[in-house]
Amino acid sequence: MNYNSPKDYILQLLQDLDKEKQAEREAYEEERSKTTLKEKKALGIVWYPVEIEIEAYPILTKTLLKVTKKPDSFLSEFQTGNTVFFFSMENSQERSFGTIVSVTTHQARVLLSEDLPEWMEETQIGMEKYYDESTYQEMERALNILLNPQNPITQKLLSICTGFKQPSFSKFVPKSLPNLNESQIEAWKNLLSAVELGIIHGPPGTGKTKTLIEVAKFLSNQNSRVLLTAASNVAVDVLTEKALEEGLELTRIGNLARVSQKILEHTLDFQIQNHPNYKFILKLKKEAEILFREAEKFKRNFGTKQREERKVKRKEAREILQHVAREETQLIDQILQSKKIITSTIMGLTNNFLHKEEFQTIIVDEATQCLEPLIWIAILKTKGRIFLAGDHFQLPPTTHLKNSPFLETLFEKLIKKFPDPPITNFLDIQYRMHPNIVKFSNQEFYESKL
């Protein structure tokens, strides 16, 4: 399809994304409507009934609930990061949404998206797992910014990635070369000479990740900030582990429950909790938690005096947590600024504490597994250039719409527009498989270049 302008291209993406979102939403609602409460409990997607208790949240100044169900034989499908909603059996219209921040077999901590509504305190309630639209919301937000981008770097990348402008390159003469093979070195040099965009097409076993880490290593040694990202936590963990093996200092941003045990000590949460300044923050959190617990004494006694006293104690606790938030923001800024390399999923880039962080180079691995709007989230974060790496002959992104336009990724579109070096760099030596095994895919997909 031809477009008259980058804006027309983005408008089409927004339409396609809305259709994709509707398809997933309809699939969820259809499945949900067919299932009774008893069946949902058996499936582990509903806890009912539950008891709730307000707790102090360790970072954000929002309402955190401890949710407890009675021990039973039902399985639990709740996981950290799930979107859930609370419901009342007395009024099916009442819903309050939140996000699970930790969970065990019979207990969960849920961060509410609003203050605790009174109906949740006055009736028997349940908790149900919900389809999560936050990723769609962030993709839509990014695309809407791209309709009229104010940042000149974003404007240039938008024009290049939509085919209205050619990428540019500077002269790069390295003093020494990394320990890579010939095609990897060529890719390494071409990426480092790219002003706006570079691509690595790396079939299985060709050392794509190794080459990317060498790029990041060189840039960090030049005092340039680098963000290593991908769509999945598994892919980001691989990048993180490879970077650590090369002796690179970094911070991994992500939920501890979704991060590999090997790299826990390099996560932002771990570095926060082991920082000397954290003791003071922890003291304030305990003060807030005590106030919240004192407020809970009036939970089942709703006289006017008790209701007012509960409000006062909750207000005092929230004021303390506002101070905590300021202290933690300063601490997070200090930790992140001390590192030249940050690793995170693309959705992790939407965290508020990354808003002020600037990266001269963003490297997206496994770009062929990303819905295109996800890549645009990463593009919005760069203050210089973006490198995409992947192989469009491997797994495509997950879609819910039949014949989804997102099955063709931005990576694949760019390779078609810019098939040759120095923009697109093909790694041609694979180390993982026996030649007889790779023979078919080499002929079928890679034009016998491997």
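Biologist: What makes Phe393, Phe440 and Phe445 a nonpolar patch on the surface?
Modeller: Together, Phe393, Phe440 and Phe445 have about 290 Å² of accessible area (Shrake-Rupley method, 1.4 Å probe, with only the protein chains shown counting as cover). A patch takes residues with over 30% relative accessible area and no salt bridge; nonpolar side chains (Val, Leu, Ile, Met, Phe, Trp, Tyr) are joined within 5 Å, like charges within 9 Å. Phenylalanine 445 has 34%, so it passes the 30% limit.

Biologist: What are these values based on?
Modeller: This is a predicted model, where local features need pLDDT of at least 70 and side-chain atom pairs count only at pLDDT 80 or more, while totals for chains, interfaces and linings use all residues. Residues are numbered from 1 along each chain as its sequence is written, and side-chain values use heavy atoms, leaving out hydrogens and water.

Biologist: Why is phenylalanine 445 called partly exposed?
Modeller: Its relative accessible area is 34%. Buried means under 20%, exposed means over 50%, and partly exposed is in between (1.4 Å probe, protein chains only). The value 34% is in between, so the residue is partly exposed. Phenylalanine 445 lies in helix H14, residues 435-445 (helices are DSSP runs of H or I with at least four residues, strands are E runs of at least two, numbered from the N terminus).

Biologist: Why does alanine 378 count as buried?
Modeller: Its relative accessibility is 0%, so it falls under the limit for buried. Alanine 378 is in helix H12, residues 372-381.

Biologist: How do you know that H1 and H4 are roughly antiparallel?
Modeller: Helix H1 (residues 6-33) and helix H4 (residues 134-146) pack at about 165°, with axes 10 Å apart. Axes are lines fitted to C-alpha atoms, for helices over the stretch in contact, and angles run from 0 to 180 degrees between N-to-C directions. Angles over 145 degrees count as roughly antiparallel, under 35 as roughly parallel, 65 to 115 as roughly perpendicular and the rest as oblique. At about 165°, H1 is therefore roughly antiparallel to H4. H1 passes H4 in a left-handed crossing (the near helix is turned anticlockwise from the far one by less than a right angle; clockwise would be right-handed).

Biologist: What makes H10 and H11 roughly antiparallel?
Modeller: Helix H10 (residues 278-296) and helix H11 (residues 304-337) pack at about 160°, with axes 8 Å apart. That angle makes H10 roughly antiparallel to H11. Their crossing is left-handed.

Biologist: Why is the contact between lysine 66 and glutamate 53 called a salt bridge?
Modeller: The N to O distance is 3.7 Å. A salt bridge needs a side-chain nitrogen of Lys or Arg within 4 Å of a carboxyl oxygen of Asp or Glu, so the pair qualifies. Lysine 66 lies in strand E2 (residues 64-69) and glutamate 53 in strand E1 (residues 46-55), so the pair ties together parts 13 residues apart in sequence. Lysine 66 is buried at 19%, whereas glutamate 53 is partly exposed at 28%. Glu53, Glu55, Lys66 and Arg109 are linked in a network of salt bridges.

Biologist: What makes arginine 318 and aspartate 115 a salt bridge?
Modeller: Their closest N and O atoms are 3.6 Å apart, so they are within the limit. The pair links distant parts of the chain: arginine 318 in helix H11, aspartate 115 in the loop between strand E5 (107-112) and helix H3 (119-122), 203 residues apart. Arginine 318 is partly exposed at 25%. Aspartate 115 is exposed at 53%.

Biologist: How many salt bridges does the structure hold?
Modeller: It holds 25.
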